[in-house]
Each structure stands twice: as C-alpha cells, then as structure tokens.
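The following exercises concern a single protein model. Each task is followed by a worked solution.

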Amino acid sequence: MYCQTSDNFEKNCIPKTVNASIAVLTPKEDKDFIVRKVTLAKDGSMPNHTNEIQHQQYVLKGEAKVIVGNEEYHAKEGDFIYIPAGINHMYEACYGSEYEFLCMITTKEDHIQMI
C-alpha cells in the first residue's frame, strides 16, 4: 500500500505523439486495472488510434479537443470520457493550456493501431 503524489511517478514520453508523457500510477503487481496520468503540453497532441480495450478517463486540468469515433468534444477539467474498445480517438491540447487526465484501463493485453 502507498499514498503519494502522482508527481512522484516516473514520466515517459509517448511514442508517435507531440509533447505527450505518461506516468503509470498503479503498482506492477496489480492484476485488475491500471491507472495512468497522461499529460499533453500546450499544443501537444496524440494521433488518431484505436485500442482493443476500453478506456475511462477523468480530466484533471486544462482543455483539449478530443475526438472519439465521429464525435468531437471540448474536454475540460472535471469531465469524464468513456472510450469503448476498438473506437478511434485522438487528442489536441489546442486551447492554450496543458491538458492532463487520468486514464483507467484493464490489465488485459492491448494492441494499438494508428490510423
């Protein structure tokens, strides 16, 4: 068990993104789910892609254009985003601020397909 600020976790750049990083907050021994903190710097982006597993996301701060399937959202602090498995999605921190969110996924094996 532990309780610590999420800023203490190692951040890694996310491949094929622009100014995006990820920190895995869940202990490696957890067998059920994973919580990740994703940060897009101002004007950062993550390209359109799909995953084989669902995503549940909670926006911690900032604003971004988030496209899920054919729907475009102006996501902001306090918003909850659900992305079903296999649905394309992308992010752009295009509103003049950094965008940060928690992304909760299962521990099932995942494959990412860039579109």
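**Exercise 1. Place tyrosine 82 in the model and relate its accessibility to the surface.**

Solution. Step 1: in this predicted model, strand 7 covers residues 80-83 and contains tyrosine 82. Step 2: the relative accessible area of tyrosine 82 is 42%. Since buried means under 20% and exposed over 50%, tyrosine 82 is therefore classed as partly exposed. Step 3: Tyr82 joins Tyr58 and Phe80 in a nonpolar surface patch of about 330 Å².

**Exercise 2. Determine which salt bridges lysine 37 forms, and which parts of the chain they link.**

Solution. Step 1: the structure has 5 salt bridges. One of them pairs lysine 37 with aspartate 7, with 2.9 Å between the closest N and O atoms. Here strand 3 (residues 33-51), which holds lysine 37, is linked to the segment before strand 1 (12-13), which holds aspartate 7; the two residues are 30 residues apart.

Step 2: lysine 37 also meets glutamate 100 in a salt bridge, at 3.9 Å from N to O. This pair connects strand 3 with strand 9 (residues 99-106) across 63 residues.

Step 3: is lysine 37 buried or exposed? Its relative accessible area is 3%, so lysine 37 is buried. Glutamate 100 is buried as well.

**Exercise 3. Characterise the salt bridge between lysine 76 and aspartate 79, then identify the salt-bridge network.**

Solution. Step 1: the side chains of lysine 76 and aspartate 79 come together at 3.9 Å, N to O. Step 2: lysine 76 has a relative accessible area of 41% and is partly exposed; aspartate 79, at 25%, is also partly exposed. Step 3: shared partners join Asp7, Lys37 and Glu100 into one network of salt bridges.

**Exercise 4. Describe the largest pocket and its lining.**

Solution. Step 1: the volume of the largest pocket is about 300 Å³. Step 2: its lining comprises 19 residues, with Ile14, Met46, His49, Asn51 and Ile112 closest to the centre. Step 3: strand 3 contributes the most to this lining, 6 residues. Step 4: by class, the lining of the largest pocket consists of 11 nonpolar, 6 polar and 2 charged residues.

**Exercise 5. Describe the second largest pocket in the same manner.**

Solution. Step 1: the second largest pocket encloses about 220 Å³ of space. Step 2: 13 residues line it, and Ala23, Val24, Thr26, Lys28 and Ile34 lie closest to its centre. Step 3: strand 2 (18-24) and strand 3 each give two or more residues to this lining, and strand 2 has the largest share, 3 residues. Step 4: the lining divides into 7 nonpolar, 3 polar and 3 charged residues.

Terms used:
Residues numbered from 1 in each chain as written. Predicted model: local features only at pLDDT ≥ 70, side-chain atom pairs only at ≥ 80, totals over all residues. Heavy atoms only, no water. Patch = residues over 30% accessible without salt bridge, like charges linked within 9 Å, V, L, I, M, F, W, Y side chains within 5 Å. Areas by Shrake-Rupley, 256 points an atom, 1.4 Å probe, with all protein chains shown as cover. Salt bridge = Lys/Arg side-chain N within 4 Å of Asp/Glu carboxyl O. Helix = DSSP H or I, 4+ residues; strand = E, 2+ residues; numbered from the N terminus. Buried < 20%, exposed > 50% of the residue type's maximum accessible area, 1.4 Å probe, protein only. 1 Å grid on protein atoms, 1.4 Å probe; cavity = no way out; pocket = protein on both sides within 12 Å on 5 of 7 lines; lining within 4 Å. Points joined across faces, edges and corners; volume = space filled by probe spheres on them. Nonpolar A, V, L, I, M, F, W, Y, C, P; charged D, E, K, R; others polar.
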